[in-house]
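The following exercises ask the reader to examine a structure step by step. Each task is followed by a worked solution.

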Amino acid sequence: MGKIQSIQQQMLLKFLLFKSRPGRIKSFLDSKSYCHAEPSQSNQVRVAAVQGKLSLVNNPIEYADIMYQYVEEAVRQGAQLVVFPEDNAAHLVGMLPGISENADMSQTMADLGSEVKVADIFNYLSPVTKQVFETVFSYLAAHFRVHIMAGSILVSDGKNKTINQAYLFGPDGAIIGRQQKLHLLPLELDWGLSCGEELSVFPTPVGKLAFPICMDATYFETFRSSVLKGAETVIIPAANPDKYNFWKELRGVWPRVQESAVFGIRSCMVGQLLGITLTGRSGIYTPLELTPKKDGILAEAKTYDEHEIIVANLDYNLLRDYRRNEGFMNYLNIDLCKRYLPHLYK
Amino acid sequence: MTKRIKAIIALDPNIHNEKELEKLIDGIKKDSNKQVDLLVLPSMAAAGYLGQKTLNERLDRYSLIAKTNNLYLALHAYHKDGSKRHSRCWLVDNCGEILLAQNQTHDKNNIGISVSNELQVAKTPMGSIGFLIGDDVLIPEIGRILRLQGANLFIAYSFFPQPYNPWRQWSGIWQQVQQNQVFALESSFTGSINGHAVEGKSIIHGPCELTQGEIGFISEEQDDPYIAASLDYQKLAETIKDYPIHNFYNKKLYKELFSELL
């Protein structure tokens, strides 16, 4: 890279960081009104999954306004935990000059040169994305006094790797925890992303929460690990780059919930990103036996390509009773599992 | 391995004698107008069919039928071995040899069967075959262990409590197929078993990407005496190549799961 080009890049980044300064975002959010989420006092928790429609923004204030409206709508419906999708700051890619919603990804990448990967773009924008995302959700969580699993963002891990990382904010605005994506899509590997190796569970007043990301729900091992580490709710932020198909979507969170006796929440990003169409129906799931229709569905979005917010109550006492009688640890043949696993994974 | 095989699941649980079974096989051959490679008989076949008194005698008769008709047979039965009660499957090859005998590995509903701690896969020209029996269909570790041992065709015998709930059945073999990218022949029993009323649909499964409408069902039980499908292993390999789930295992995470957490 030439010296001038390098200076241009640094100047642009400084400009974007200035445009995204926390004071400016907070000043905007200060002008809004806030209702407060009911504190969680019992074993009943009301949760909301935001099905967000992706639109690129060229100003962080626009992004803050969109997220404010989502959280406000969810809290007004009684949510004590609000859940967002994967890639929940991809909107900010629109701050880069020359990027538009309908831009073709392959053409954009070709224009940037063969040595540039998609991960490089997100890595470059990472300081801006992180600053805006953390400022917005910390502020919203504190002012609505609500728990927010804000979805995931693509950021640098500080070691020159780009990771997909989700965040949980508490009602005091502090970050309770972070979770890296544990299984990548082939597309993400092509993009140059790296995955994490550790799964965490966070005990909170709204439940013991794990929040692995999208593709992680394809693997039963993710939910087994979450539950054995104490999770009662597993949240999956998702952004599926495929046309919608009921059956293909069914092979994610829903069967994992049935196998591992846990609540599951899927929050989907829908819309267009750089020529890629994202679809999905957000849902809140439970073991079959805990639903009147015996279908395991507490709530599900009606559409797969529009913004929606769905809410449901999670009754942890019901889940614990169910697990006492039907949980997989009552019947799993552990001797058999240990005979073959983990050494068969090659 | 053959690239494409013709697999059949027989549905009539009331085949009580050899003549009826031969009639069924003849009917299948006529309908399909070509060689049938693999026939999955309804559950209980080895326990009560063909009139012979002992299990071994019955297995001998099935071996002869497999050899005579040049096909592979899958069988399931509950049977007693001394004081122990087993739920067991057999795979008989087209020479009449028993290639695989697999006991159920989980007894979730405490029906009092003796469970096995071993899972085997038989590598055959029909595919690499592993059995999932009864409650095993609901245990994701079973499908995974079979897949990691090379299985690309699951044969399942499932028993779901009445009233029939499709969601319950989809949470079994259908999802095991999707997360392991294999074919499956699921023979689901309807009737009374061990004093419990059970009801399910027999289904031939494949990864969504390989099926019409991407639904994951290749063929489903209707009013016919059997369901049939061609299983195309070449297409299965292409699907896996396009969407290689197994290349993305997180071994460190799983090591913690199976070495420390469990």
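## Exercises on a predicted model

**Exercise 1.** Determine whether A:Ala261 is buried or exposed, and describe its backbone.

*Solution.* Step 1: A:Ala261 has 23 other C-beta atoms within 10 Å. Step 2: the cut-off for a buried residue is 20 or more such atoms, so A:Ala261 is buried. Step 3: A:Ala261 is located in the loop between α9 (253–260) and β10 (263–273) of chain A. Step 4: its phi is positive, near 50°, although A:Ala261 is a residue other than glycine. The model examined here and in the exercises below is a predicted one.

**Exercise 2.** Determine whether A:Asn160 is buried or exposed, and describe its backbone.

*Solution.* Step 1: A:Asn160 has 8 C-beta neighbours inside 10 Å. Step 2: a residue is exposed at 12 or fewer, and A:Asn160 therefore counts as exposed. Step 3: the loop that holds A:Asn160 runs between β3 (147–156) and β4 (162–169) of chain A. Step 4: A:Asn160 is not a glycine, yet its phi is positive, at about 70°.

**Exercise 3.** Describe the length, the course and the burial of helix α5 (residues 166–180) of chain B.

*Solution.* Step 1: the helix has 15 residues, and its first and last C-alpha atoms are 21 Å apart, close to the 21 Å expected at 1.5 Å a residue. Step 2: at B:Trp174, α5(B) bends by about 40°. Step 3: twelve of the 15 residues of α5(B) are buried, and the helix is thus mostly covered. Among the buried residues are B:Trp170, B:Ile173 and B:Trp174. Step 4: just after α5(B), B:Gln181 has a positive phi of about 55°. Step 5: the loop between β8 and α5 of chain B contains B:Pro163, and the peptide bond joining B:Gln162 and B:Pro163 is cis, with omega about 0°.

**Exercise 4.** Give the strand order of the open sheet of chain B, and examine how β9(B) fits into it.

*Solution.* Step 1: the six strands are ordered β6-β7-β8-β9-β12-β13, with mixed pairing. Step 2: the edge strands, β6 (122–124) and β13 (217–220) of chain B, each pair on one side only. Step 3: from one strand to the next, the twist averages 20°. Step 4: β8(B) and β9(B) run parallel and are joined by six bridges, with B:Ser158 standing opposite B:Ser188. By contrast, β12(B) and β13(B) run antiparallel and are joined by three bridges. Step 5: in a regular strand, side chains alternate between the two faces of the sheet. In β9(B), B:Phe183, B:Leu185 and B:Ser187 point one way, whereas B:Ala184, B:Glu186 and B:Ser188 point the other way; all are buried. Step 6: α5(B) lies across β7 (127–133), β8 (153–158), β9 (183–188) and β12 of chain B, and runs at about 170° to β8(B).

**Exercise 5.** State which elements of chain B touch chain A, and how the residues on that side divide by type.

*Solution.* Step 1: the contact takes 39 residues from chain B and 39 residues from chain A. Step 2: on the side of chain B, α4 (140–148), α5 and α7 (251–261) each supply at least two residues. Step 3: α7(B) provides the largest share, ten residues. Step 4: the residues of this side of chain B comprise 19 nonpolar, twelve polar and eight charged.

Conventions
Residues are numbered from 1 along each chain as its sequence is written. Chains are lettered from A and ligands numbered from 1 in the order in which they are written. This is a predicted model: local features need pLDDT of at least 70, side-chain atom pairs count only at pLDDT 80 or more; totals for chains, interfaces and linings use all residues. Helices (H or I, at least four residues) and strands (E, at least two) are DSSP runs, numbered from the N terminus. The expected span of a helix is 1.5 Å times one less than its number of residues. The bend at a residue is the angle between axes fitted to the seven residues ending there and the seven starting there. Two strands pair if DSSP finds at least two bridges between them. Axes are lines fitted to C-alpha atoms, for helices over the stretch in contact, and angles run from 0 to 180 degrees between N-to-C directions. Two residues are in contact if their C-beta atoms, placed from the backbone, lie within 7 Å. Ala, Val, Leu, Ile, Met, Phe, Trp, Tyr, Cys and Pro count as nonpolar, Asp, Glu, Lys and Arg as charged, and the others, Gly among them, as polar.
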